[in-house]
Amino acid sequence: MSLKVILIYAKALAIREQAAALFKDGHAVRGEGSRDEIYPPLGIGILAAELEQLGYEVKLLDDSIEEIETLRAGMQWADVVGISSLTPNARRARELGKIAKDDYGRFVVMGGPHPTTNPEFFLEHGAADICVQGEGDLTLPEVLEAYTEPHKWEAIEGITFLKDGVLTATPRRALIKKIDDLPFPAYHLYDIPKYMRLMVNPGVTLITSRGCPYACTFCDAEMTPRQYRAMSPERTVDLIAMLLDRYNPPQMMFFDDLFTIQRKRVIAVCKEIIRRGLYFEWACESRLDTMDFELLRWMRKAGCVKIYYGLESGSPDVLVTVKKGLTKERIVAAAKLNREVGMSFKYFLIYGFPQETWKDHELTEDIVRETRPDQVHVSLLQPIPGTEIYEELKPTLTRDVAEMDFHYWHGTESFKHPLFTFDQLHEEREKLLKMHAQVTRRWSARLHRKFERLVAMIRNPVLIGDWIEIQQRRATFKRRVRSSEWKHVFDRSKRDATAVQVPQVSFD
């Protein structure tokens with residue numbers, strides 16, 4: 001009989017309850033809560049597919065949508081319990097690990113960012129037998145082969161465990177080099193239509209690359225240290241085609257850390273989407289300094305409707321301090337290109353960096369006013385273990401971030417800022433949101449945007465041909481979606497006002 005393995009994605013209950021309350025009320029303005037849309041965890045989905053290929057019997061459970069009774073039943077069914085944990089969910093993951101071990105006597109493997117950087121959080125509390133450091137694609141199968149033989153554990157790369165009560169770590173395993181060699185996530189082990197019905201914007205997520213080569217001080221890159229690897233364009237579009245055929249979603253979201261880092265690859269993906277006659281809308285995350293006119297043209301033609309840019313700040317000093325590697329000139333130029341091509345774009349910003357001053361906030365407001373993104377999202381800094389900024393802020397931490405309820409998109413105070421109070425940071429954040437509404441939502445601002453687009457098309461006639469092609473493709477896309485379960489995505493009266501995933505603020 002094959003070994004039975006259950007893989008669980010842990011979700012902090014306070015965050016889950018907050019999202020559930022927001023989404024239960026069909027009339028609520030969800031604002032930032034729409035960032036709490038429930039997506040199937042693809043990391044453990046890939047691990048599940050790999051284990052199935054090896055002959056294991058596997059189940060996937062997502063703590064975001066399942067009740068504790070279902071998780072307990074899964075633990076009871078399994079021989080081995082694997083739990084994935086981000087830092088915001090670490091306390092919940094530890095709780096689930098204790099249940100699996102204490103109530104059911106199961107062997108527990110922890111993986112993900114927090115077990116990578118802080119394995120002692122789980123091991124020293126009896127919530128795990130082994131913590132995996134970094135990618136688990138090759139490590140987890142080796143653990144499953146030897147989980148009943150502790151004397152073999154030291155030969156397994158990329159794990160930490162307790163040996164005679166002492167924390168013991170083996171050398172880190174080299175990262176997977178060829179992403180094409182990995183199977184697609186085991187989407188079939190999730191109820192994907194159920195996820196889509198829970199979303200403001202129904203769609204399917206996918207990951208086509210791993211890692212990011214940049215060195216931002218606030219970003220936890222310990223899972224894939226600064227090494228970028230990607231699927232080939234052909235395999236990327238194979239995955240897209242499979243998802244369209246199987247689930248017929250109206251949109252897709254590329255959850256790559258940085259989708260556009262390889263320009264030629266992205267253009268090749270876009271051309272292949274068009275060549276195969278695939279009609280869908282999609283969004284991705286990117287950096288402003290990776291964009292150029294030709295790349296944006298092809299992305300827009302292939303169905304990209306929104307790009308999320310991690311800007312973080314409009315202050316040159318802050319951008320240098322956090323090692324973002326952006327300049328004002330690049331920001332302004334890239335924003336102008338997005339508007340000319342007709343691409344909707346959104347900034348992710350962070351307030352609360354320790355070096356920040358009132359002047360830095362003014363400069364951020366200035367850059368938002370000048371570049372006029374369609375949306376902005378302002379988070380309050382949360383120092384995450386494993387990041388450079390966490391080490392810098394250690395002396396000012398008021399509590400262990402893993403022991404508190406917080407979310408990357410919702411402010412929770414965990415350190416004392418040298419200049420701002422926590423309430424002042426919230427006030428500064430609201431001030432920026434209102435200013436953004438003033439410069440983008442008035443009729444004059446919208447007219448200015450249309451005029452800017454028209455001028456760009458006159459100066460670059462190729463954009464006229466692109467616009468015609470995009471409209472033709474969009475018509476085919478609309479026919480497909482309107483004949484599906486997801487036809488309501490075109491009925492704005494039945495959709496929450498925060499479908500664009502920004503807080504609704506008044507600028508009067």
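**Parallel sheet and cysteine environment**

An open sheet of 6 strands, arranged in the order β8-β11-β12-β13-β14-β15 with parallel pairing, is present in this predicted model. The edges of the sheet are formed by β8 (204-206) and β15 (375-380); each has a single partner strand, so one side of each is left without a neighbour in the sheet. From one strand to the next, the twist averages 20°.

Within the sheet, strand β11 (residues 251-254) and strand β12 (residues 281-286) run parallel and are joined by 3 bridges. In this pairing, glutamine 251 is placed opposite glutamate 281 of β12. Helix α14 (residues 358-371) packs on the sheet, where contacts are made with β13 (304-312), β14 (344-351) and β15. The direction of helix α14 makes about 180° with that of β14.

The cysteines were examined next. With a disulfide taken as a pair of cysteine sulfur atoms within 2.5 Å, the count comes to 0 disulfides. Cysteine 216 is accordingly in no disulfide, the nearest cysteine sulfur being that of cysteine 219, 6.3 Å away. The relative accessible area of cysteine 216 is 8%, and this residue is classed as buried because the limit for burial is under 20%.

For cysteine 284, the closest cysteine sulfur belongs to cysteine 304, at 4.6 Å. This separation is too far for a bond, because a disulfide requires sulfur atoms within 2.5 Å. Cysteine 284 has a relative accessibility of 0% and therefore also counts as buried.

Conventions:
Residues numbered from 1 in each chain as written. Predicted model: local features only at pLDDT ≥ 70, side-chain atom pairs only at ≥ 80, totals over all residues. Heavy atoms only, no water. Pairing = 2+ DSSP bridges. Helix = DSSP H or I, 4+ residues; strand = E, 2+ residues; numbered from the N terminus. Axes fitted to C-alpha atoms, helices over the stretch in contact; angles between N-to-C directions. Contact = heavy atoms within 4.5 Å. Buried < 20%, exposed > 50% of the residue type's maximum accessible area, 1.4 Å probe, protein only.
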